[in-house]
Every structure is written in C-alpha cells, then in structure tokens.
Amino acid sequence: MKKLSSHAVAVQASTTLAIDSLYKQMKADGVDVIGFGAGEPDFGTPEHIKQAGIRAIQEDFTKYTPASGIPELRKAVCTRLKLDFNLDYKPSEVVIASGAKHVLYVALQTITDPGDEIIIPAPYWVSYVEMVQMVRGTPVVVTATEEEGFKLTPEKLEAAITSRTKALMLNNPSNPTGMVYSREELKALADVCVKHDLYILSDEIYCNLVYDGRTFTSFPTLSPEVKERTILINGVSKSYAMTGWRIGYAAACEDIIKAMGNYLSHSTGSPASFAQKGAVEALVGPQEEIAAMCKAFEERRNHFVERMNAIEGVSCLKPEGAFYIMMNIQKLKGKTLHGVTIQDADDFSSLFLKEGLVATVPCTGFGTGDFVRWSYATSMKNIDEGLNRLEKFLQD
C-alpha cells in the first residue's frame with residue numbers, strides 16, 4: 001500500500017488524549033476518579049433553545065440548508081453583535097459552520113498560503129498550532145509569561161513579525177489561561193497589526209464569561225481599520241451550553257466570508273439544519289440564563305483560587321474569564337512524588353490521575369510544561385474534593 005501523505009502524518013494528536021483516555025477507562029472500571037478537563041459548561045442547554053430545536057425537527061426542518069447557514073441565523077448573528085458590541089455587520093458578512101473550531105480552521109484555509117507565518121501567543125489552545133500546520137502555514141509561537149499575566153505585549157508582537165507574517169491569532173478570553181485583554185491592551189496590539197497590515201483571527205468564544213464586573217471588548221470595535229482586517233470567530237457553544245450542537249460563526253468583510261462559504265460548500269456543507277434553528281433562538285431569545293451561569297462560574301472561581309493558593313507547592317493567578325485555572329507546578333519540578341520524579345506537566349498530570357485519582361490537563365500541549373489546567377465547569381462539591389485530593393497527593 002502506498003504511504004500516507006507526509007502532510008497528514010505530520011499532524012499530531014492532542015497531547016491531552018492519553019490522560020483523558022486513561023481517565024475514561026478508570027471511570028468505566030468503577031474507579032472513583034474526578035475529572036477537571038472539561039472544556040464545556042456543565043449546565044444543560046436552556047429549555048427555550050432545546051424546544052426550538054425540537055420544533056424544527058417536528059416541523060421537518062431537516063433538509064440541506066445553504067452552505068453558509070440559513071439567512072435567519074446569519075441575521076441573528078448580526079443582531080447579537082449589534083446588541084452586545086454595537087458592531088454593524090450584514091448577513092452577507094457572516095458565515096455559519098460546524099462549531100467555532102471549524103470556523104477557525106476554514107478562516108485559516110482562506111487567508112493562508114504555504115509558508116505564511118501566523119503568530120500565536122502561548123499559552124495557546126491546543127489546536128491552534130496544529131491547525132496552522134494543517135493549512136501549510138508556519139506557526140510562530142510567542143510566549144506570554146505568568147509575570148505578564150499570560151498576555152502578549154505589543155513589543156513581543158512587533159519583534160515576532162517578519163516579511164512572511166500574515167496574521168495574529170488571538171483567543172480572548174483565553175483558553176487555557178482565563179485571562180482577558182483590556183481595551184487598552186487590545187488597542188496596543190491592534191496598532192501593530194494595522195502598521196504591518198496583518199489579519200487578526202479573533203477567537204471570542206468565551207466573550208460572555210467575564211468576571212469582576214469587567215466589560216469585554218470585541219477586537220473589531222477598536223477602529224474601522226481594525227475591523228476590516230479582523231475575522232471575528234464566535235459561536236453558541238460556551239455562552240449557551242450548546243457544545244454538542246456544533247454551531248459557530250465568523251464575521252468579516254464580504255470577500256473573506258464569500259471565500260469561506262465557497263470552501264464550506266465543497267467540504268462539509270451546512271451544519272445540522274435543526275441545530276441552526278436552536279442557535280437562532282439562543283442569539284435572539286432570552287439571555288438571562290447566561291448571567292446565571294456566569295455568576296455560578298465566578299463563585300466557583302473565587303473559591304477555587306482561594307483554596308489552591310493556600311496549598312503549599314502550587315499556585316495560580318486569578319483568571320478573569322472563561323472557566324479554567326492554570327496551576328503553576330514549577331516548585332514541584334525535579335521533586336519526587338510517589339516514587340516518580342516530576343519533570344513537567346505531563347509527568348504531574350499522569351501521576352496525579354493514577355495516584356490522586358484526579359484528571360487534569362497538562363499544559364505541555366498548550367505551549368508550556370510548567371502548568372496544569374483545571375476546569376471549574378463542575379460542581380463546587382467536585383472542586384472541594386479535587387483540591388482535598390491534591391493536598392493529600394502532595395503531602396503523601
């Protein structure tokens with residue numbers, strides 16, 4: 001048999017899969033393990049959204065739709081962006097795809113030629129680097145340290161730009177750090193992008209999950225010059241607890257959206273028809289449940305951070321959005337725990353699962369081996385029990 005393409009073989013599986021697989025096997029075997037790896041809200045999809053999807057099925061709205069999404073949903077996206085951020089987009093400047101992850105991949109396919117450089121701040125979401133490589137681009141990783149609040153500075157951005165640089169890929173609020181860029185911080189980055197005529201891929205999937213009374217700033221609101229260079233990526237997964245519905249969207253200038261729509265028409269086609277109807281209800285229907293979910297996440301975060309920073313040997317910054325905590329394990333590196341010398345986050349997470357019966361996500365796949373990601377998209381009871389087990393694991 002002929003060999004697979006070198007391009008396909010170069011794509012790496014998620015580094016989190018091994019631990020997640022072991023966690024699921026242990027749970028299936030009846031072991032009392034607790035998982036903190038979830039990248040999705042633990043709340044159910046709001047009832048009015050579920051009913052919209054059910055109605056669509058009952059009314060036999062189950063056929064193909066336009067590849068770029070139904071007009072009603074594209075209009076709903078425009079309505080939501082106007083209400084939330086005072087952004088003006090036309091339906092022809094919006095495309096719908098099978099989740100924000102898919103939208104981001106299609107956006108990269110649209111703007112990237114072989115060898116084009118895409119700047120990615122680290123820590124980054126695990127798929128970013130692989131996505132860039134999948135479209136034959138070159139990821140340029142720029143590390144934002146904990147001392148910098150895990151935020152890219154304009155000076156570091158400027159230093160990373162070359163004649164091959166095509167775009168900046170920014171996730172705000174961030175997975176895995178949970179940090180949120182202020183308007184001033186975004187403006188400083190935007191000035192550099194405009195100066196060098198770069199695209200900005202602004203992944204804002206966690207935009208509604210910000211805490212402490214912060215106001216979220218959507219990147220294209222900064223100026224007309226910034227808006228014309230920005231591909232805004234969002235969806236209904238996180239804000240409306242609809243991860244399995246697989247509805248994401250992009251908003252950008254018509255030329256970009258047309259190209260993305262053409263790509264979709266020859267690859268996946270449209271997302272599920274009835275899921276699109278549910279997304280319409282999510283975007284233009286009642287929004288109160290977002291606030292309730294956000295309040296619960298903020299309470300969990302406060303408790304989590306206070307307890308974790310009281311445990312000797314580990315620490316964390318207080319995240320400003322999303323639902324993740326980055327636990328610093330630098331003080332544990334080189335130490336021996338339960339007969340194993342900890343070299344990086346992979347060692348820690350693997351051992352913590354086997355001996356402490358807690359599943360976390362090592363951040364080696366997020367661009368750093370000094371941190372472990374915990375998700376607080378789980379109950380307060382699980383949070384307390386997980387941290388109790390962490391204390392015992394480190395003491396033993």
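**Exercise 1.** Which residues point one way from β3, and which point the other way?

*Solution.* Start with the ground rules. This is a predicted model, where local features need pLDDT of at least 70, side-chain atom pairs count only at pLDDT 80 or more, and totals for chains, interfaces and linings use all residues. Residues are numbered from 1 along each chain as its sequence is written, and side-chain values use heavy atoms, leaving out hydrogens and water.

Step 1: find the strand. Helices (H or I, at least four residues) and strands (E, at least two) are DSSP runs, numbered from the N terminus; β3 covers residues 117-122.

Step 2: recall that side chains in a regular strand alternate between the two faces of the sheet.

Step 3: sort them. Glu117, Ile119 and Pro121 point one way, while Ile118, Ile120 and Ala122 point the other way.

Step 4: check burial (buried is under 20% relative accessible area, exposed over 50%, partly exposed in between, with a 1.4 Å probe and protein chains only). Six of the six residues of β3 are buried, so the strand is largely enclosed by the rest of the structure.

**Exercise 2.** Find the strands that pair with β3, and the partners of Ile119.

*Solution.* Step 1: two strands pair if DSSP finds at least two bridges between them.

Step 2: β4 (residues 138-143) pairs with β3 in the parallel sense over six bridges, and here Ile119 stands opposite Val140.

Step 3: β5 (residues 165-171) runs parallel to β3, joined by three bridges. Leu168 in β5 is the bridge partner of Ile119.
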